[in-house]
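Q: I have a structure open and want a quick tour. Can you walk me through how the pieces pack?

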Amino acid sequence: MVPSMECGSCSSLFGAAMPFLCGKATVSSHKMAVPFTVSFNLQSDSLSFLNSLQRSNNKLKAPLKSSRKMLSSNALIITGEHPQNTDLPRYYSRKEKKPFPIPIVEMRRAARERVKKNRGQPRKPVPPPKNGLVVKSLIPLAYDVYNARITLINNLKKLLKVVPVHACRWCNEIHVGPTGHPFRSCRGQNASIRKGIHDWATATVDDIFLPIEAYHLYDRLGKRIPHAQRFSIPRIPAVVELCIQAGVDIPDFPAKRRRKPIIRIGKSEFVDADESELPDPDPNAPKRPVLTEIPGFEIVGPSSEEETTLLAKETLQAWEQMRKGAQRLMKLYPVRVCGYCPEVHVGPSGHKAQNCGAHKHQQRNGQHGWQAAVLDDLIAPRYVWHVPDVNGLTLERELRNFYGQAPAVVEMCIQAGAAVPDQYKGTMRLDVGIPKDLKEAEMVV
């Protein structure tokens, strides 16, 4: 419901300053969104009044970052960057296909515009990484993403010593808290017999940070992996493969590094340039430091509350650094995902292995339906229920609609003492008051 206030009806609220406003003042919010949007129809000489009004009236003051956009000569809108109570990412069943990040109609329209724009123009040289070279400016970022992933895994192992995490034995759902949640949402084996109740066990790092794997490519511009070689090519974490293709050197997984651009002889055919006249690379050149994972038997948890809080902040920082860095790498180094199953491939085009077991895979002969991947396909956030008070009351089954959710890594760090990032406040529903019992919940309108 959007309340609309006439100037005459609000003269008592705003005092003698109300005649400066002309028309209606509209305050709109979506699902109790905070910060909200405030729209005024103003005269050209009333902008200074709005600034003083914003300082004096708390109802019109946005608590988060706000931006002002002039739509016309006498209209002003104040909007917030992180609205609260946003919806969670939609859950797609096994029978549904993932939507394309960019609709097919828009991609075709953009392709026609590119052809029309380049018609009659001389062919431009292909920039890296399409010409076989790595983007040198992104090599430090690739190392930062790789080290952030290792730091995240090591810190999660330490946080598991002090923050309890539970995983269902029959489905892929997890919960961060002293005890598992009571919601009947299990979709695993014999879920109907158990009436959807989860069977909780102790979770591991792989339950919190999903190990999404992809084929390692020695030459990312080489031929596509055939079905017969699906077992002979190693599979490594997809984030690691993305970092290797972006310039990270790992001795166990070598990659072909060209020093000259490739020579195109056809649309899908090319030859490597002659590099014999180039000097050999210096083997004694300084290499960037690369972190390694700590074995499980060497993990020591934090010994104090201050140490736990610092560890949680470092873990949350590594999580954000890895996701933001991977997002930047994906803009130049393409990543593909199957539209029917979670299979991920890092490279210009997907592999030919016929190992898709999703719904109606027989009609496709097990082939994947490759499409452009998004960040959540490469790094799954694994949303879990947010516990408002770890030391207080447990979650109630009847009050499920009042609770929010957050990624498992973020929820662990918050329970360990880290501050809540602004971008996750929307799904956590921090501004929603939780009733004490079912009788009070029924009174909520």
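A: Here are some sheets, helix contacts and local details, taken in turn.

A: One note before the questions: this is a predicted model.

Q: Start with the sheet that holds strand 13. What is the strand order there?

A: The order is 14-13-15. It is an open sheet of three strands, and the pairing is antiparallel.

Q: Which strands stand at the edges?

A: Strand 14 (344–346) and strand 15 (370–372). Each has a single partner strand, so one side of each is left without a neighbour in the sheet.

Q: How much are neighbouring strands turned against each other?

A: By 35° on average, direction ignored.

Q: And how many bridges join strand 13 to strand 14?

A: Three. Strand 13 covers residues 335–338 and runs antiparallel to strand 14. V337 has V344 of strand 14 as its bridge partner. A hairpin of five residues connects strand 13 to strand 14.

Q: What about the other side, strand 13 to strand 15? How many bridges?

A: Three bridges there, and the two strands run antiparallel. C338 is opposite W370 of strand 15.

Q: Which helix packs on this sheet?

A: Helix 6, residues 238–245. Helix 6 touches strand 13 and strand 14. Its direction makes about 15° with that of strand 14.

Q: OK, helices now. At what angle do helix 4 and helix 6 pack?

A: About 155°, with the axes 9 Å apart. Helix 4 is residues 139–159. Angles over 145 degrees count as roughly antiparallel, and helix 4 and helix 6 are therefore roughly antiparallel to each other.

Q: Is that crossing left-handed or right-handed?

A: The crossing of helix 4 and helix 6 is left-handed.

Q: Which residues make the contact?

A: From helix 4, A142, V145, Y146 and R149. From helix 6, V239, V240 and C243.

Q: How does that contact of helix 4 with helix 6 split by class? What are the counts?

A: Six nonpolar, no polar and one charged.

Q: Helix 4 also meets helix 9. What is the angle there?

A: Roughly 50°, and the axes come within 11 Å. Helix 9 is residues 408–415. That crossing angle makes helix 4 oblique to helix 9.

Q: Left-handed or right-handed this time?

A: Left-handed, as helix 4 passes helix 9.

Q: Which side chains should I display for helix 4 and helix 9?

A: Show L152, L156 and L159 in helix 4. In helix 9, show V409, M412 and C413. By class, this contact of helix 4 with helix 9 has six nonpolar residues, no polar and no charged ones.

Q: Where does helix 9 sit on the strands?

A: Helix 9 lies across strand 6 and strand 7. It runs at about 20° to strand 7.

Q: Tell me about that sheet. What is the strand order?

A: The order is 7-6-8, in an open sheet of three strands with antiparallel pairing. Strand 7 and strand 8 are the edge strands, and each pairs on one side only. The twist averages 35° from one strand to the next.

Q: How many bridges pair strand 6 and strand 8?

A: Three, in the antiparallel sense. T202 in strand 8 is the bridge partner of H166.

Q: New topic: salt bridges. How many does the count come to?

A: The count comes to 14 salt bridges. One of the pairs joins D199 and R169, with the closest N and O atoms 2.8 Å apart.

Q: Why say that the D199 and R169 pair ties parts together?

A: D199 lies in the loop between strand 7 (174–176) and strand 8 (200–202). R169 lies in the loop between strand 6 (165–168) and strand 7, so the pair ties together parts that are 30 residues apart in sequence.

Q: Now the backbone. Is the peptide bond from P128 to P129 cis or trans?

A: The bond is cis, with omega near 5°. P129 belongs to the loop between helix 3 (104–118) and helix 4.

Q: And what is the phi of N190?

A: Positive, about 60°, although N190 is not a glycine.

Q: Where is N190 placed?

A: In the loop between strand 7 and strand 8. D199 lies in that loop as well.

Methods. Residues numbered from 1 in each chain as written. Predicted model: local features only at pLDDT ≥ 70, side-chain atom pairs only at ≥ 80, totals over all residues. Heavy atoms only, no water. Pairing = 2+ DSSP bridges. Helix = DSSP H or I, 4+ residues; strand = E, 2+ residues; numbered from the N terminus. Axes fitted to C-alpha atoms, helices over the stretch in contact; angles between N-to-C directions. Contact = heavy atoms within 4.5 Å. Parallel < 35°, antiparallel > 145°, perpendicular 65-115°, else oblique. Left-handed = near helix turned anticlockwise from the far one by under 90°. Nonpolar A, V, L, I, M, F, W, Y, C, P; charged D, E, K, R; others polar. Salt bridge = Lys/Arg side-chain N within 4 Å of Asp/Glu carboxyl O.
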